[in-house]
Amino acid sequence: MIFRKKHLTSIDAGHYKNTADQQTEVMPVPAVVKISMSENIGAPCKPLVKKGDYVKKGQLIGDTDAFLSVPIHSSVSGTVLGIETMRSAMGGNDTYVVIESDGKQEEEETTAPVIEDQPAFIKAMRASGLVGLGGASFPSWVKFNPKNLVDIDTLIVNGAECEPFITSDHRTMLEDAQDVLDGAQAMMKWLQAENGYIAIENNKQNAIDKFNKMIVEQGIKNLHVFPLQARYPKGAERVLIYEVTGKQCDAGVLPAALGVIVSNITSTAFMGKYLKTGKPLTWKRLTVDGDAVANPKNVLVPIGASVHDVIEFCGGYKKEPRKILMGGPMMGRAIYSDEQTILKANNAILAFSAEQAAIPEETACINCGRCHEACPFDLLPTKFADAYQHKDVQALRDLQVMQCMECGSCSYVCPAHRPLAFMNKLGKAMVKEADKNARK
Ligand code: SF4
Ligand code: SF4
C-alpha cells in the first residue's frame, strides 16, 4: 500500500488526561499477588518455584528456553501458595504463581550489569524481564537484536501516549526523565544508531520542555525531541515511524527492515534504571481512571496485584462499574472480573459506569465516508465489513484487511455506530485461518 499524505489522518478522540498533573503514588504491597507466566507475546514461562517456597522481591520465578520469551520475577517477598490456572484477560487459560506477601519486601541482591558489547546488552535486556510496556508486550531483547543490526540508524522513543485518559507515560517523562535519557543513550549506543528522537505529543509541553532543557544541559548529541500533533493514533508504531522519518512501514514489515527501532518511553526509562541497578521489572506505573473510580490517579503497582486491590487503593468504586478496561478506550481490552491481575504491559485500568460505557444502538450505514476519511492508512472499512459479512476471504485479502491495525478510529467516527474495527479484527482472523488451512 502507499501512504499518500504528508501527515497520516488522525482524529480528535478527546484527551481526558485527568491525572496528568498528579504525582505517582506507590500502592501498598497487597496480601497476595498472582503473577502470570504469560507476560509477553510468544512463549509462556514455566514456573521455577513451587508451593511452600520462600521468594524474595526480584527473584526469578519463571523462565523458558523458547526463543520469543522473557523471564519473570517476583514483585513481592513471601511464600508461594501454589501454581494456579486461571482465565486471563486475553481469554486463554494461563498459569499463575500465587504468592502470599510477608510485607517485608526483602529484595534479591542485584548489581548493575557489566555491558562491554552488544551481545552483553541484549543478554542484560533479556535478564531484566523487559517487554514492550506500551501494551505490545513484545520481548524487548528480540526487538533490539535484529538480523540487520548494521542497518539500524534510528531510535524513536515513543512518548506519544495518544489514547484518551492514559497519563502513565507522561508521568514517566516528568518523574523519570533522567532514566529515559540514560536508557535512550544506551539503546542508541548498542544499536549504533546515529539518530535518536523522543517523540512527544504537543499536549505534553512540560515534558517537551523538560527533555529539551536536559538534552542541552547534558550536551547530548544526536538525540532530539520530536513534537507531534496531539491526535489519535499518533503513537501507533507504523504511524509514528512515518511521522518522524517519512518511511512507510506496512503491516508485516518489521521497523528494523527500515533501519528503525521504536521503544516505548516507559520501556526506555526502565532500561535506563536497570542498567544502573540490575533490578528486574517487577512493578509498573499505570493510570487508574474512569467515572466509576473514586480517586483517579497514577499508581506504581506490583505486577500480579489484582485490579480490585488497585482500585481499592484509588478509593474503590464510587459507582457500579459496567465496563472495566485494561488499557485505553480505543484499543484496550475489557475484562470480565476485577480479580484479573496486573501484567507487565498494562498501562491503565479504566472503570466506567453504565452511563459512560453505554454503546449507542447500531443503525444502517448512510455511506457518509467518514470511516474511510478517518483511517490513517486510507483503508475501506465499509468494504471490509461487507466482505467479512459475506465471508469473502479473497475480497478481504484484495482489500488489504491485514493492513488494519485495529486502531478503532473508523468505529469512533461512524455516525451509525457500526463496530467496524471489531469486524476488521474478525475479518483478519478469517484470513489468518484460511492461510493456516492452506498451509496444512
Ligand atoms: S481500525 Fe483499521 S480500518 Fe479502522 S481506522 Fe484503524 S486502521 Fe483504518
Ligand atoms: S462512517 Fe459509518 S455510516 Fe459512514 S460510511 Fe462508514 S460505516 Fe457507513
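**Close-ups of two sites**

**View 1. α7 is the top contributor to the second largest pocket.** In this predicted model, α7 hands six residues to the lining of the second largest pocket, the most of any element. That helix spans 265-277, and α3 (168-175) and β13 (283-289) also chip in with at least two residues each.

**View 2. The middle of the second largest pocket.** Zoom in on the centre and you meet Phe270, Lys273, Trp283, Lys284 and Leu300, the nearest of the 26 lining residues. The space inside comes to about 550 Å³. As for chemistry, the lining splits into 10 charged, nine nonpolar and seven polar residues.

**View 3. The second largest pocket sits between two domains.** Domain 1 (29-103 + 282-356) and domain 2 (118-277) both put residues into the lining, so the pocket lies between them.

**View 4. Ligand 1 in its cavity.** Now for the other site: ligand 1 sits in the largest cavity. Two elements give two or more residues to the shell around it, namely α13 (409-413) and α14 (420-439).

**View 5. Who surrounds ligand 1.** Four cysteines turn up around ligand 1: Cys375, Cys404, Cys407 and Cys410. Also around ligand 1 are Pro376, Pro381, Met405, Glu406, Gly408, Ser409, Ala421 and Asn424. Sorted by type, this shell holds eight nonpolar residues, three polar ones and one charged one.

How values were computed. Residues are numbered from 1 along each chain as its sequence is written. Chains are lettered from A and ligands numbered from 1 in the order in which they are written. This is a predicted model: local features need pLDDT of at least 70, side-chain atom pairs count only at pLDDT 80 or more; totals for chains, interfaces and linings use all residues. Side-chain values use heavy atoms; hydrogens and water are left out. A residue is near a molecule or strand if one of its heavy atoms lies within 4 Å of it. On a 1 Å grid over the protein atoms alone, a cavity is a set of points where a 1.4 Å probe fits but cannot get out, and a pocket is an open set with protein on both sides within 12 Å along at least five of seven lines; lining residues have an atom within 4 Å of a point. A molecule sits in a cavity or pocket if more than half of its atoms lie within 2 Å of its grid points. Helices (H or I, at least four residues) and strands (E, at least two) are DSSP runs, numbered from the N terminus. Ala, Val, Leu, Ile, Met, Phe, Trp, Tyr, Cys and Pro count as nonpolar, Asp, Glu, Lys and Arg as charged, and the others, Gly among them, as polar. Grid points are joined across faces, edges and corners, and a volume is the space filled by probe spheres set on the points. Domain bounds come from an automatic or database domain assignment.
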